[in-house]
Amino acid sequence: MNQNRNQPPKWADRFLEWYCRSELLEEIQGDVYELFYVRIQDRGLNVARRRFVWDVLRSFRLSTIKGIRLNHSTMLLKSNIKIALRQILKQKVFSFIKIGGFALGVAVCLLIGLFIKEELSYDKHYDNVDRMYRLIAVFDEDGDFNTQVFLPAPFAQAVVEDYPEIEKAGRFWGGESFRAGNNQVRRQDKPVNSFEKGFIYIDPELVKILEIQILQGDSAKVLSEPNTILISKQKAEKYFPDEDPIGKTLILNDNLQQPLKIAGVMADLPVNSHFQYDFLMTLAGQEFWQGEQQSWLSNNYHTYVMLHPEADPKAVEQDLLSVIDRYYIPNAQAAGMSDAVGYSKQISFRLQPISDIHLYSEDISDTAKHGDIKVVWLFGAIAIVILILACINFINLSTARSANRAKEVGLRKVIGSFREDLINQFLTESVAYSIFSFILGIFIAWMLLPFFNAIADKELTFPWMEWWFLPSLLISSILIGVIAGIYPAFYLSSFRPISVLRGKLSRGSKSLGLRNSLVVFQFTATIVLLVCTFVIFRQMNFILNKKLGYDKEQVVILEGAYSIREKVPTLKQELLQLPEVKHVTVSGFLPVSGTFRNNNGFWKEGRTNIDKGIYGQIWDVDHDYIKTMGIQINKGRDFSIAMPTDSQAVIINESFATELGFEDPLGQRITNGGGLWQIIGVVEDFHFSNLKEDIGSLCMIIRDNPVTLSLKVNTGDMNGLIQQITNKWDAFSPNQAIRYSFLDESYANMYADVQRTGKIFSSFALLAILVACLGLFGLSTFMAEQRSKEMGIRKVLGASVFQIIQLLSRHFLLLVFISLLIAIPVAWYLMQAWLKDYAYRINIGWQAFVLAGILALFIACLTISFQSFRSATADPVRALRSE
C-alpha cells in the first residue's frame, strides 16, 4: 500500500507512454523516474509528484512525439532559435537597446496605423459608394479659385429632370440659420429645454441616397409631410425613453408656432461618416423667404447625386455646364445683372466622390468637420521614419559588435557550416528580436492609446477581435525582423575563418562608414522633427497673440438667447446693472468660427446693372456691438440710438472700402439688391475668419438678431461674476440652463487642429530622440569597451579625464553636427510648405534651427558622456593587466 502511494501519478506516466517515441521512451522514462525518487528523499512526496508531471510535460516536444521525424531544416531552425535566445540573454544591455528601440518604433507605427485606418475608412460603408457624389461649384475669379458646396435651391430638381445619367438628387440646408445648427429642444409636454447640436433641413430623397436606415416610421414616406423631423436612435432614447416617439412633438427654442412632429427614428450614423447630424428636419413645404425655392441667385444648399451605374462622372461634369446657360444666365439677366454672361463663365461644376469628402475637402468651403490627406501622409511618413530609426539601431549594434561574433563564425565555418546556415541563424536572431519588440511595442501602444486619443481628438481602439489584426502583426514582425537583419546577416556571415582565427579581423571597422551614415540619418530625422515642432509652436503662439483688430479678452458669450427673444432687451439692461459688466451686445455674428456667416453681392448705388458685384459679409448687430468688441473706428462714427436714421446706415471695414474704390466712402450708398444703406463709418480691418485667409469685405447694419449676448467685463473674480450672470439668466429663463463661453477660448478653439499637430509632432520628436539616443548610447558603450586598452595606455602616459572624454565624444558630436547641416534645408522646405497655407504667418528665422541644433548636441553629449566618463575614470590596470 505504502509502495503504491510512493509512485508517480499514473495518468502522467500513461501520457508519457502514449506520446513518446518507442526508441526514446526507456531513456526518458528512466530519467524522470530517477528524478522522482531523488525528490521524494529531498523534497517530499507531494513536491516529487508535481515535479514528475512537469518533467513529463517538458518532454512533450516535436523531437519526442510518435510519428514525427525532424528533418535537417527543422533541427537547424530549432538550433537557431536556441542560439538566438541565448544571445538575447547573454547581451542584456544591447538586447534592451535593440528591443526597446524596436518596441518604440512599433508602438508609434501601431498608433499611427490605427489613426490612418480610421481616416481612410470614412464613407466607405455605403452599398452604392461608387455612384454617390457631392456637387461642387468652382468659381474662377481671375485665376483665384473659390470652391464651395453651396448651390441654388432648384439645382437638384433641375439636374434630375435634365440629365438621365443622374438617378437621384437631394439637398440639405446646414449652417446656423432658420433653426439649422444648434437649438434648445424639449418635448411638447415637458417644460425644460436641452441644448442640442446637429439640426439640418433635408430632402426626403437625400435620406435614400445616403442609405440612412429607418428603424421606426414609414421609410417610404418619411419626411414627406411639412414640419416633420427624423431623429437618431440615441436622441429618441434620450427624449422618449421606453416610449414610441412616432407622432410625438418636439418644440425648438420655445417656439410653439412651429412644432415638429417626429416622422421616424433612424439608426445612429456611423462615426466614420462625414454626415454627422441627429435631427433631420424636412424641406418639404419649407420656404425660408418668398421665392427662395425658385431662386437661382441664392446659393445655400448642399447637393448630392447618385449616378446611374453606366454613367461617366467626367462626362456628367461637362454636361452640367449647360445648367449655366439654361438657368443661371436667364435668371441673372432677369434680375438686372449686366454682366450675367461674363459672371456665369467663371462657374464650373465638379462631382466629388462621397468617399473623398472627409480627406479631400481642405480647399472646399463647407460646414462639415473633416480631415486632411496631407496629415495622413505626414503621419504615415513619421511612423516609417521612426521605425527606420529603430531598425538602424539594430543594424548599427549588430555590425559594431562584429568582432564579438567573429570567432563564433570562424569556428562554425571550420566545422562545416555553410554561409547560408549562418545567414539563417542571424536572421532568426533578428526575427526573435523583432517578435519580442512587437510584443513590448503592442503593450506600449496600448498604454499610450488614451494619451494619443486625447491629443488627436479621436476614439481609436485596438481591433483585437478582427480576424486580420493578430496575423498581420505576426507577419509584420517577421518581415521587419528580416529587413532589419538582412545586412548584418550577410555582413557577419562573410568573415573568412582563416583571418578570424588568426586575429586579423578589424573590430567592426569595415562597417564604420555605414554606421556613421546611419547615425547621421537618425539625427537628421530627429532634428527635422524638432525644427518642425518649434516652428508649429511659434506659429501657434503667433496666432494666439496676434493683434486681431478686436479685443477678445474678458468677453463672456451667453448662448441660446433666441428662446427668450422678447425678453432679450430687458435681460441686456439687467446685465448692464452689474458693475463689472461694461458693455453688452446682442448678435449671432461674432469674429470666431461656429457663429453666423453669409455672403452677399454688393454694388454702389445705381450700379447694380453695370458693375460686377463685390462679395462680402453683412452682419446684423446692435448699437453696442463695436464698443463691446473693441473694434477701432478709423473714419466716421459708430451707430447711435439717438439717430433713428441709423436703421438705414452701414459701417464697413477697410477692405470693403478699398474694394468699393471711393475716395471718401462716408455718405456714399451701397446695396445688395435688397436693401440700400448709407455708409456712416469705416472700421479698422479685424480678423473674423481663420488666419489662413485674408481679411475679406464686411459691413454691419442695425438689425435684430437675438441669438447671442456678448458681455465685455472687467473683473478679477470671474467665477463670482458668472454666478451673478447665471442668477440673472435663471430669472428670465428658468427652464433653460445657462450656456456660456469666453471669446478668447472660442478663438483658440478655432486652431485646435494646429495645437493638436504641435502636440503630436512634439511627442513624435521625443520618441525619435529617445530611439536615436538608445542607439547612440549602445554605440558609445561598445566603442568605449573596444578602446579600453587604448584609453588605459593614454591614462598611464598622462592623459587627463577631460582629454579622454573629449577623445571618445568628438566623433559622435561631429556626426550630430553633420546631421544638423543636412536637416536645416530639409526642415526649412517642409515648414515653408506648411506655412504657405496661412495668409498670416511667421518668418521661420534662424532661431528654430539653432535651438534644435543645440538641443540635439546637448542630448547627444548627455547620452555619450555617461560611458565616456566611466572609461575616463576607470582604473587603467584593469584594461592592461593582460598585456
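**Cysteines, salt bridges and surface patches**

The closest cysteine sulfur to that of Cys109 belongs to Cys391 and lies 8.8 Å away, which is too far for a bond. The model examined here is a predicted one. A disulfide is a covalent bond between the sulfur atoms of two cysteines. For a pair to be counted as a disulfide, the two sulfur atoms have to be within 2.5 Å, and the structure holds zero disulfides. Cys532 is likewise in no disulfide, its nearest cysteine sulfur being that of Cys109, at 18 Å. The two residues were also examined for their exposure to the surroundings. Cys109 has a relative accessible area of 23% and is therefore partly exposed. Cys532, in contrast, counts as buried because its relative accessibility is 2%.

Charged side chains were examined next. The structure holds 30 salt bridges. One of them joins Arg171 to Asp203, with 2.7 Å between the closest N and O atoms. Arg171 is part of strand 4, which covers residues 166-173, while Asp203 sits in the loop between strand 6 (194-202) and helix 8 (204-209), so this pair ties together parts that are 32 residues apart in sequence. Arg171 and Asp203 are both buried.

A further salt bridge is found between Arg187 and Asp189, where the closest N and O atoms are 2.9 Å apart. The partners in this pair fall into separate classes of exposure. Arg187 has a relative accessibility of 10% and so counts as buried, whereas Asp189, at 52%, counts as exposed. The threshold for the exposed class is over 50% relative accessible area, and buried means under 20%. The pair also belongs to a network of salt bridges, in which Arg187, Asp189, Glu243 and Lys248 are linked.

In a third salt bridge, Asp646 pairs with Arg637, and the closest N and O atoms are 2.7 Å apart. Asp646 counts as buried because its relative accessibility is 1%. Arg637 has a relative accessible area of 27% and is therefore partly exposed.

Two patches were identified on the surface, one charged and one nonpolar. The charged patch is negative and is formed by Glu26, Glu27, Asp31 and Glu34. Of these residues, Glu34 is located in helix 3, which spans residues 22-43. With a relative accessibility of 53%, Glu34 counts as exposed, so the residue falls above the 50% limit.

The nonpolar patch consists of Ile81, Leu85, Ile435, Phe436, Ile439, Leu474, Ile478, Val482, Ile486, Tyr487 and Phe490, which together have about 890 Å² of accessible area. Two or more residues of this patch come from each of helix 5 (72-90), helix 15 (419-456) and helix 16 (469-492). The largest contribution is that of helix 16, which gives six residues. Leu474 is placed in helix 16. Its relative accessibility is 47%, so Leu474 counts as partly exposed. A residue needs over 30% relative accessible area to be part of a patch, a condition that Leu474 meets at 47%.

Notes. Residues are numbered from 1 along each chain as its sequence is written. This is a predicted model: local features need pLDDT of at least 70, side-chain atom pairs count only at pLDDT 80 or more; totals for chains, interfaces and linings use all residues. Side-chain values use heavy atoms; hydrogens and water are left out. Patches are made of residues with over 30% relative accessible area and no salt bridge: like charges are joined within 9 Å, nonpolar side chains (Val, Leu, Ile, Met, Phe, Trp, Tyr) within 5 Å. Accessible areas come from the Shrake-Rupley method with a 1.4 Å probe; for residues, only the protein chains shown count as cover. A salt bridge is a side-chain nitrogen of Lys or Arg within 4 Å of a carboxyl oxygen of Asp or Glu. Lys and Arg count as positive and Asp and Glu as negative; His and the chain ends are not counted. The place of a charge is taken as NZ of Lys, CZ of Arg, CG of Asp or CD of Glu. Helices (H or I, at least four residues) and strands (E, at least two) are DSSP runs, numbered from the N terminus. Buried means under 20% relative accessible area, exposed over 50%, partly exposed in between (1.4 Å probe, protein chains only).
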